[in-house]
Amino acid sequence: MTIANVPVGSVEPTSEERSAALRRRNRSTERTKSVLFHIGVLAVTAVVLYPALWMFMSSLKPTSDIVGNVSLIPDNASLANFAKALEGIGGVSFWTFFKNSMILAVASVIGITLSASVSAYAFARIEFPGRKVWFSLMIATLLLPFHVVIIPQYIIFNNLGLVNTFVPLLIGKFLAAEAFFVFLMVQFMRNLPRELDEAARIDGAGHIRIFTAIMLPLMKPALVTSSIFAFIWSWNDFFGPLLYLKDPALYPLPIALRLFVDQTSTSDYGAQMAMAVLALIPVLLFFLVFQRYLVGGVATQGLKG
Amino acid sequence: MSLTREVTGSGGLSTVPPPAVTRRRRRAAETRAGYAFLTPWLLGFFALTAGPMLASLYLAFTNYNLFSSPEWIGLDNFRLMFDDPRFIQSAKVTGIYVLVGTPVKLAAALAVAMLLNNTRRGQGLYRSVFYAPSLIGASVSIAIVWKAMFIDQGIVDRIGQQLGISWGGWVGNPSMTMPMFVLLTVWQFGAPMVIFLAGLKQVPAELYEAAAVDGAGPVRKFLKITLPMLSPVLFFNLLLETIHSFQIFASAFIISGGTGGPAGSTLFYTLYLYQRGFVDFRMGYASAMAWVLVLVVGIITFVFFKTSKSWVHYSGETK
């Protein structure tokens, strides 16, 4: 296959028979190589998938059958673990935790897409003094460990009486505090043709109109990618809720899961697995539906950085 | 990196230069619009990032427990840190994790990316499957699964017994917890792999063909073509994954039950910071720890960018 791509002038002229033999030999080594590569890829797939499959399958087994059972196929599958997980903990139903997670994730998506797209428009499309400085500061926060702000933030929210509410977990999303999303959208917007907004400006459109009528519709891929990441990161967030939420009725799933692990007898791995699976299902659904956006978003992120 | 690349070419709005007054008025309007659109970010930046950073810088030099007012103690927190065996332990645990976990994870990511790059059929599907652990790997669910896999008589123990190795449960063994966490991060090789794969696709096939004509073997091709051509992507992955590794928290918290045990072997830096700040309410000390982390990450970033000139090659650059 590669031989066909070599420019004719760059190889020494050979006789018809010799080049045909060469091509044949190349084709057969190509085929062996391809088989070997496929075996390699399948081996990696098995290693990657095993922990996840083991979790799913274990959630269907009785606890006595989980620990130390390497096999994936349950001998007598049952949904008993799920029934136990759905009961919840300490009088709070599983669905309350699920609802809390959902509220936080959906509000995060709304906040991030709104605030990050508006800020990104300022960075990418408006010329004003100070823009470069703000942009550099935004990039700097991209690499900043967030631990340096959590203690003062906690003190502020504590003084405002907002501990044990969702406000501390959501306010940053509505103020574009997560630079990753702003950066992603700035990069995307910079690749949109300038002629579009220039034409609109000549027609007398202001920035608000250009942003809502031209930019937002064109930014759909970036908005979708951001929404998926915003949802999944909020759904998996452990640190924020651990700090700010004290009342179990407000717990999202990750914190509830931790409480569940602490309170059920440590040997009840069946129920723990079932609850772990339930907590992951929305993320996996999102992944199955949007994986192209996600993986594509990651791929371009790295190259444009 | 083109992080601060400027957008040019907005001057050509109209062919006839507008009178100075209109131009000035338009510039003022642009400034107003710019700051109006930037308002949410500016509010967030000052209220949630810059302000709190300054506050924690101040708190780092105080004794503060949230209930009484901060008491200035100068550099005492920093001095205490270096006499605090648990702080030293947390720095050691995190250091080993970053130094071992990141290179192993990136090597796995690069190897699999090269494997996938040579696999024509089903590449998109494999890419997605391999990426999935990066999305869920840091979650509480996976931490629970990992713990269940590595406990005494758990499946990893059983696999060891089959192979004739008696390593027992890794969770309760201080010398085996680190390999367990390294495996957990290596399992999440998918995100850097996707980036490597996108980079590999940009390498012109002619380079390999020319090298083959010159009789270069696979090792030479890798060292002389693949690695230099991938260096911008490698730089990006190395920087991001290193910074990311410093911040491991949820998995360590769940697997050790918040203690960092056994014997402090899972006392990651952020876990100890959490314990000091939000369990013991030693908020001055925790702020000082946070600033040490910022300094370390800052120095690493600086060194990466400084040295990058000598090993990162951007295509089109003559060097």
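I count a residue as buried if 20 or more other C-beta atoms lie within 10 Å of its own. On that basis, 40% of the 305 residues in chain A are buried. The model is a predicted one, so I looked up confidence next.

**Confidence, chain A.** I find an average pLDDT of 86 for chain A, with 89% of the residues scoring at least 70. Of the elements in this chain, H7(A) has the highest mean pLDDT, 97, and helix H1 (residues 2-5) has the lowest, 34. I also checked the start of the chain: over residues 1-14 of chain A, pLDDT stays under 50. For that stretch the model has eleven contacts beyond four places in sequence.

**Fold, chain A.** I listed the secondary structure and got 14 helices and zero strands. Read from the N terminus, the elements of chain A are α throughout. I then took the contacts in chain A between residues at least 6 apart in sequence; 74% of them join residues at least 24 apart.

**H5(A) against H8(A).** I looked at how helix H5 (residues 131-143) of chain A packs on helix H8 (residues 179-190) of chain A. The angle is about 130 degrees and the axes are 9 Å apart. Angles of 65 to 115 degrees count as roughly perpendicular and those over 145 as roughly antiparallel, and the pair H5(A) and H8(A) is therefore oblique. I noted the crossing of H5(A) and H8(A) as left-handed. From H5(A), the residues in the contact are Met138(A), Thr141(A) and Leu142(A). They meet Ala179(A), Phe180(A), Val182(A) and Phe183(A) of H8(A). By type, the residues of this contact divide into six nonpolar, one polar and no charged.

**Contact between the chains.** I counted the residues on both sides: chain A puts in 81 residues and chain B 87. On the side of chain B that touches chain A, helix H1 (residues 20-59) of chain B gives the most, with 19 residues. That side of chain B divides into 61 nonpolar, 21 polar and five charged residues.

**Backbone exceptions.** I searched for unusual backbone geometry, since most residues other than glycine have a negative phi and most peptide bonds are trans. Three places came up in my notes.

- I found a cis peptide bond between Gly261(B) and Pro262(B), with omega about -5 degrees. Pro262(B) sits in the loop between helix H11 (250-255) and helix H12 (269-279) of chain B.
- I found a positive phi of about 75 degrees at Asn164(A), which is not a glycine. Asn164(A) is in the loop between helix H6 (147-159) and helix H7 (167-174) of chain A. Asn164(A) counts as partly exposed because it has 14 C-beta neighbours inside 10 Å.
- I found a positive phi of about 80 degrees at Leu66(B), also not a glycine. Leu66(B) belongs to the loop between strand S1 (62-63) and strand S2 (71-72) of chain B. Leu66(B) has 15 C-beta neighbours inside 10 Å and so counts as partly exposed.

**Val167(A).** I looked up this residue last and placed it in helix H7 of chain A. Val167(A) has 13 other C-beta atoms within 10 Å, so I list it as partly exposed. I also took a distance from Val167(A) to Ser117(A), 50 residues apart along the chain; their C-alpha atoms are separated by 21 Å.

How values were computed. Residues are numbered from 1 along each chain as its sequence is written. Chains are lettered from A and ligands numbered from 1 in the order in which they are written. This is a predicted model: local features need pLDDT of at least 70, side-chain atom pairs count only at pLDDT 80 or more; totals for chains, interfaces and linings use all residues. Helices (H or I, at least four residues) and strands (E, at least two) are DSSP runs, numbered from the N terminus. A residue is buried if 20 or more other C-beta atoms lie within 10 Å of its own, exposed if 12 or fewer, and partly exposed in between; C-beta atoms are placed from the backbone. pLDDT is the predictor's confidence in each residue, from 0 to 100. Two residues are in contact if their C-beta atoms, placed from the backbone, lie within 7 Å. Axes are lines fitted to C-alpha atoms, for helices over the stretch in contact, and angles run from 0 to 180 degrees between N-to-C directions. Angles under 35 degrees count as roughly parallel, over 145 as roughly antiparallel, 65 to 115 as roughly perpendicular and the rest as oblique. A crossing is left-handed if the near helix is turned anticlockwise from the far one by less than a right angle, and right-handed if clockwise. Ala, Val, Leu, Ile, Met, Phe, Trp, Tyr, Cys and Pro count as nonpolar, Asp, Glu, Lys and Arg as charged, and the others, Gly among them, as polar.
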